[in-house]
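Let us test the terms used for this model against their definitions. Each question asks what earns a label.

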Amino acid sequence: MAAQLTFEELFDPEFLTALEAFNLRIKRFLRQGRLGEQLSIDRGIGLEFKDFKQYVPGDDIRAVDWNIYRRLGRLFVHVFEEYQDLPLYLLVDRSRSMFLEDNPRVHAALRSSLALASIALSQHDVVALFSFSDDLTMHSKPFVGRRQLTTLAHRMAELNEENGTQLSECVQQLGMRKLRPGLLVVVSDFFEPEGLERVLESLTRCRHRLLLVQIVKDLDADPTANADLVGDIRLVDCETSAAVDVTMEQGVLARYRRIYEEFNEQLSGFASGNGIGLTRINADQDILDQLATLFETRAQVA
Amino acid sequence: MNFLNLTPLTLGIGLAGIAGILFLLQQLRIRYTELPIATTMFWAAAVREAPVRVLRQRFRHLLAYLLALLICWLLWIGFGAPMVDERRATGFSVLVLDGSAHSATADVFEQSKSQLLSDISGYPRDSREVFLAGANNVRVLAAGEENMVLVRRLEEFEPVAARSSIDELLRVLPRNDMYPEQVNVLVYGNAPVPSEAIDQLPDGFNVARRTETPDDFENRGIVALGIGEAMSGDWDKVDVLFRVLSTEGLDTSIEDLSVQSGGVAVGSDRIESISDNEFRVRDVEADGSTFEVVIEPTDELEFDNVAQVNLPDKDRIRVTIGTDVPVSIRRAIQSDNAVQVVQSDPHVAVVGATDDEPSIPYFRTVPSQEQYYAFSIGYTGDLDAEEALRQSVASLGLTQIDAAAMATDLDVDIEVDLEVVDTRFVSLWSELVGQDFNFKDSMSFPLFISKAIRYLANQQPWYAYVAAGRRPYEQTSGSSLARTDLLSEYAAGTYYVRNEAGVFETEDGDSLNVSLLDSRAAIPGEVADLSATELEMVRSQSAFGLVTWLILLVLVLLGLEWFLYQRGLMP
């Protein structure tokens, strides 16, 4: 298992410098407002006209449309769209699969989460940090303001390795917490032993808007790059210890690639079919470059 | 490397064993290397679609099994070096390397030796042996001995100027009880095998040739060199005849011949051509020297370009004659040009009835009252009495005498007696040579006297020719019947000269010239057919070639396996 990232490693000067530049780059592309500045379903006092409604006592008299009254003799008031800040919930996977191999996925997951949190906090949005493995864990009360970024980084650095991946269970637990609707960012490899279907089913029932950050590695798509994966080997699951005996040959490799591709297609199909954002972050490549590219192209971001 | 000729049963057992072992290996569980990984769920799904082989599960990798089985079988067959020649498969193998003059041309011997050394590894060690058939047959590798020994033993051997001794070997082999019923004799070299030697082989003996005979052989060779009494009648001279044979396209003239007698060149004007290939030199001094004929220039086979023979040493017999010797005997002696009448230092004495008995071999006449038998012979040899009497009677020419007429005239039986004494003598009744009896006037009388004098002088025989490995033709003056056991000390067989040309010392210190004089060696293609069998040519594929091809096939199959593996068509 890979070593857990320390605070200094997460917050090393080089990464922080890169993060500031990253914030500037992102802001140039978010001209319609903050990351958490989301259109509310509530109607109220705003700048943008939305609709008319019949006047009832208590309505703001300033919103009465007098032209309609002259024509129809009845009182209607303007209804404007109301903008509200949107809480950002970071749900980070800390199962054993995230801590395996060189350049473990958890490094990419935490750095990606910190980058997103940095953007949100710099725009005065609320950020809450959750982690999951077999159970859901909330690490502190929500953070507000950029100065909370250091505290958030400390909390992230404290995330240690747990056992399995029970994402579907944890999403359900998160739903029962009666949190204010916001943007739920799930950062995980989505390798749940129960199967991806169960995860997607639980995400479907989630009342938050979703952004799925899938942490991948080069070996996932091309296992032949692993020099140990040759001949007759027993593959042991790092979370469940379940063993699979494999004779590495072209037929098995081809089937593996096809199944992994189907896994990704299933995840992508779910995201596009439900208007959910999905991005893949390769743990073996630079994190900030991948995020910047994501925002510049706005690919798959809802 | 090979398994030294597996029997078909052993080969089959090996093939079946390999098939079984590979099958079990395919069925055995694998000892896996454990590797922790995050994507096990995908691998499990991939494996579920095509599980790896496990014991007692369905046999899934038939193609891999068949390919591996084919590769192993080919290697087994290749290294097993199966015998493609049926002769090798059963029975005992006797490999005969010809080291005679027949294989002394060009590089025939070296090629034959290489072929034999190449073949020897293909025979089971306990059922083969190797003979070198040179001047004699020498077993150079016995059954059970390591093949490597043969290489060192053959290093020193070169072909010798000898007749092939393979026929002798074929006569001896069937007498060996160690051989099984099936014996295969393979000849390496050019030696002809006499048809009579083949005919005399018992059932189960097969003879075949393993090497080919070159057909571009060019040679001239002396195939006969012999001595005869001089036609001129001179006692101390002989005539020498020799025959030279040539392969087609070549001929031999007198100018191609170099002849010496006693180290002195004989002029070409003295050499007579009496036919296309026969020559004669007349009146050669019989002084005991060496007569040599050389063909120039030399050709492919050098052994038959030179032939030598010992000339006889024909000194006159010194005879002293007593005072009481009948006139008829005295005249017969004086007319014999081989006899010199002397008064001193005689070899033989001839005495009459009243003369004293000499201490040297003598011929005498005595009255019938003093001697019971008509002829009495004093013998000094060590033969048994019957054989000694037979040989003595023959030597004296008594078989030529009309004994019945003598008996009628004398009215008594004419008998011959032989007694073993220290000094030879021949004694006969004086009445037989008297005036009243006509024996002295018969044609056989001077012959009898002449033979008796030679018998008493006990002159050494001389040889009309001495050819390697053949029976010598011995003769003395006036008779070709002489002691044929004289050469037995240095002959391969009782009556055969040592089978190798050259000069050899006799038991009494004399030098004896032996020449090849073998027409089969000189003209193999033309003469051998007369009495030699054309052996079946064995052309078995060498084990090395088979192994090479099988290994190449294995490599091709391995390449195919790699290709299929890369394409994911086999595990």
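Two strands pair if DSSP finds at least two bridges between them. The model discussed here is predicted.

Q: What makes strand 9 and strand 10 of chain A a pair?
A: Pairing needs at least two bridges. Five bridges join strand 9 of chain A to strand 10 of chain A, and the two run antiparallel. The cut-off is met, therefore they pair. Within this pairing, A:V236 stands opposite A:A243.

Q: How do you know that strand 9 of chain A also pairs with strand 1 of chain B?
A: The same test applies: at least two bridges. Strand 9 (residues 232-237) of chain A and strand 1 of chain B share five bridges. So they pair, here in the parallel sense. A:V236 has B:P36 as its bridge partner in strand 1 of chain B.

Q: Why are strand 10 of chain A and strand 1 of chain B called edge strands?
A: Because each pairs on one side only. The open sheet has three strands in the order 10(A)-9(A)-1(B), with mixed pairing. Neighbouring strands are turned by 30 degrees against each other on average, direction ignored.

Q: What makes helix 2 of chain B a helix that packs on the sheet?
A: Helix 2 of chain B touches strand 9 and strand 10 of chain A, together with strand 1 of chain B. Its direction makes about 55 degrees with that of strand 10 of chain A.

Q: Which element gives the most to the side of chain B that touches chain A?
A: Helix 2 of chain B, with nine residues. In total, 25 residues of chain B are in contact with 29 residues of chain A. Strand 1 (33-37) and helix 15 (543-566) of chain B also give two or more residues to that side. By type, the chain B side divides into 17 nonpolar, five polar and three charged residues.

Q: Why do A:V127 and A:L90 count as being in contact?
A: Because contact means C-beta atoms within 7 Å. A:L90 is one of the residues that A:V127 contacts, leaving aside neighbours within four places in sequence. Others include A:A117, A:F143 and A:L152.

Q: What makes A:V127 stand out in the largest nonpolar core?
A: A:V127 is among the residues with the most contacts inside this core of 75 residues. A:L90, A:L91, A:A117 and A:V185 share that distinction. Helix 4 (residues 105-122) of chain A supplies the largest share, 11 residues. Apart from this core lies another, of 43 residues, including B:A104 and B:Y465.

Definitions and conventions. Residues are numbered from 1 along each chain as its sequence is written. Chains are lettered from A and ligands numbered from 1 in the order in which they are written. This is a predicted model: local features need pLDDT of at least 70, side-chain atom pairs count only at pLDDT 80 or more; totals for chains, interfaces and linings use all residues. A nonpolar core is a set of buried Ala, Val, Leu, Ile, Met, Phe, Trp, Tyr and Cys residues joined through C-beta atoms within 7 Å. A residue is buried if 20 or more other C-beta atoms lie within 10 Å of its own, exposed if 12 or fewer, and partly exposed in between; C-beta atoms are placed from the backbone. Helices (H or I, at least four residues) and strands (E, at least two) are DSSP runs, numbered from the N terminus. Two residues are in contact if their C-beta atoms, placed from the backbone, lie within 7 Å. Ala, Val, Leu, Ile, Met, Phe, Trp, Tyr, Cys and Pro count as nonpolar, Asp, Glu, Lys and Arg as charged, and the others, Gly among them, as polar. Axes are lines fitted to C-alpha atoms, for helices over the stretch in contact, and angles run from 0 to 180 degrees between N-to-C directions.
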